[in-house]
Amino acid sequence: MKLRYLFPLLLLWLAASVSAQTYPAKPIRLLVPFPAGGATDILARALSQKLGEKMGQPVVVENRPGAGGTIGADAASKAAPDGYTLLLATSSTHSIGPAINPKIPYNAETDFTPIAYVATSPNIVLVPNSSPARTMREFIDYARKNPGRLNYASSGNGTIVHLSTEYFKAASDTFILHIPYRGTALAMPDLISGKVDVLFDSLVTGMPHVKDGKLRGLAVTSLKPTALAPGMPTVAEVLPGYESTTWFGLYGPKGLPADITAKVNQAVNAALGETDVKERFARLGAEPTGGTPQAFASLVRADTAKWKKIIIDRKITAD
């Protein structure tokens, strides 16, 4: 190959090498596709400070809520693949969303670069203190005796809160009306006041209200009891096989250089390994996970297949 062809290639290689070595040279933006105060936002802020320490630059959380997380995820997919815009995604944006709405403006598998599996958390079934139901069995019996008279809140059409409740309705043979909100944090006042009858909220945002006595927790949606909610029974004890958990994971835009992906992944794993992060996540109701980008991508594919089957079988739509 002639020198005049080699020279431009050499310049590109050098530029990429220098970019990876100097990254990050400025603050990193972490997009959260849900409102402030919600589960994803709280975890993002718990992670961002420690991640910033590991990266040597501030990691600034920016909320981009709306459309079940689609707006924020789409913004991240269209950002420059330079490592300065990251996304804390969830089951809603990358497993359920694509399965329930093929018209979303991004391809969850090809328009992003998986970086790290951050955390997992079951949901908790919450009811107002004024509810006559004190157990999961009592709630099911109450709902069956009052078909169409009860309602449930969600963080929006197509989110895991929505699908978890629809999955429950199918398994329990109950009819409960859906009221979508722009995030579960916005639904909390109506749930506490009794205007909403039930919410399958993330343990991250739901458990504090149970501890404060503002709401009653009936069960968690993990297959087995979890140390994150000591003494709390599972939905599966009443509806065998029922399980719904939320994953949280870090993505970059498509085309994120491998060196930058590896650097962020290493920093995330290091942050998640810190004792104070583990303790803070546990207080929030989430379990730190970590791992390789490849393992994270594999988990998302399996989760997508699960929810897609449920959506097809129950004829669930995003409308």
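Trainee: Why is the meeting of the side chains of S95 and T304 called a polar contact?

Mentor: This is a predicted model, so keep that in mind throughout. The side chains of S95 and T304 come to 3.4 Å. The cut-off for a pair of N or O atoms is 3.5 Å, so the pair counts as a polar contact.

Trainee: With which other side chain does S95 make a polar contact?

Mentor: With the side chain of D303, at 3.0 Å. That value is also within 3.5 Å, so the name applies.

Trainee: Which residues does S95 touch, apart from those up to four places away in sequence?

Mentor: T90, W247, V300, D303, T304 and W307. S95 itself sits in helix α4.

Trainee: How do you know whether S95 is buried or exposed?

Mentor: Look at the relative accessible area of S95, which is 0%. Buried means under 20%, so S95 is buried.

Trainee: What about S91, buried or exposed?

Mentor: S91 lies in α4, residues 91-100. S91 has a relative accessible area of 0%. The limit is 20%, so S91 is buried.

Trainee: What lies 2.9 Å from a polar atom of the S91 side chain?

Mentor: The backbone nitrogen of W247. W247 is also among the residues that S91 touches, as are I160 and D303.

Trainee: Why are α4 and α11 called oblique to each other?

Mentor: Their axes cross at roughly 40°. Under 35 degrees would count as roughly parallel, and 65 to 115 as roughly perpendicular. The angle of roughly 40° falls in neither range, so the pair is oblique. The axes come within 8 Å, and α11 spans residues 293-314. The crossing is right-handed.

Trainee: Which residues meet there?

Mentor: S91, H94, S95, I96, A99 and I100 from α4. From α11 come V300, D303, T304, W307, K308 and I311. By class, that gives 6 nonpolar, 4 polar and 2 charged residues.

Trainee: What makes α2 roughly antiparallel to α10?

Mentor: The axes of α2 and helix α10, residues 275-284, cross at roughly 175°. Over 145 degrees counts as roughly antiparallel, so the term fits. These axes come within 11 Å. On the α2 side the contact includes I42, L43 and R45, and on the α10 side D276, V277 and F281 are among the residues. The contact has 7 nonpolar, no polar and 4 charged residues.

Trainee: Why are α2 and α9 called oblique?

Mentor: Helix α2, residues 39-55, and helix α9, residues 258-272, cross at roughly 125°. The roughly perpendicular range ends at 115 degrees, and roughly antiparallel starts over 145. The angle lies between those limits, so α2 and α9 are oblique. Their axes come within 9 Å. α2 passes α9 in a right-handed crossing. L47, K50, L51, K54 and M55 are the α2 residues in this contact, with V264, A267 and L272 among those from α9. The contact has 9 nonpolar, no polar and 3 charged residues.

Trainee: How do you know whether T184 is buried or exposed?

Mentor: T184 is in helix α7, residues 184-193. Its relative accessibility is 8%. That is under 20%, so T184 counts as buried.

Trainee: What polar contact does the T184 side chain make?

Mentor: One with the side chain of D201, at 3.0 Å. The value is within 3.5 Å, so it qualifies. Leaving aside neighbours within four places in sequence, T184 also has S154, S155, V161, L199 and T205 among its contacts.

How values were computed:
Residues are numbered from 1 along each chain as its sequence is written. This is a predicted model: local features need pLDDT of at least 70, side-chain atom pairs count only at pLDDT 80 or more; totals for chains, interfaces and linings use all residues. Side-chain values use heavy atoms; hydrogens and water are left out. Axes are lines fitted to C-alpha atoms, for helices over the stretch in contact, and angles run from 0 to 180 degrees between N-to-C directions. Helices (H or I, at least four residues) and strands (E, at least two) are DSSP runs, numbered from the N terminus. A crossing is left-handed if the near helix is turned anticlockwise from the far one by less than a right angle, and right-handed if clockwise. Contact means heavy atoms within 4.5 Å. Ala, Val, Leu, Ile, Met, Phe, Trp, Tyr, Cys and Pro count as nonpolar, Asp, Glu, Lys and Arg as charged, and the others, Gly among them, as polar. Buried means under 20% relative accessible area, exposed over 50%, partly exposed in between (1.4 Å probe, protein chains only). A polar contact is a pair of N or O atoms within 3.5 Å; within protein, one must be able to donate a hydrogen and the other to accept it, and residues adjacent in sequence count only if both atoms are side-chain atoms.
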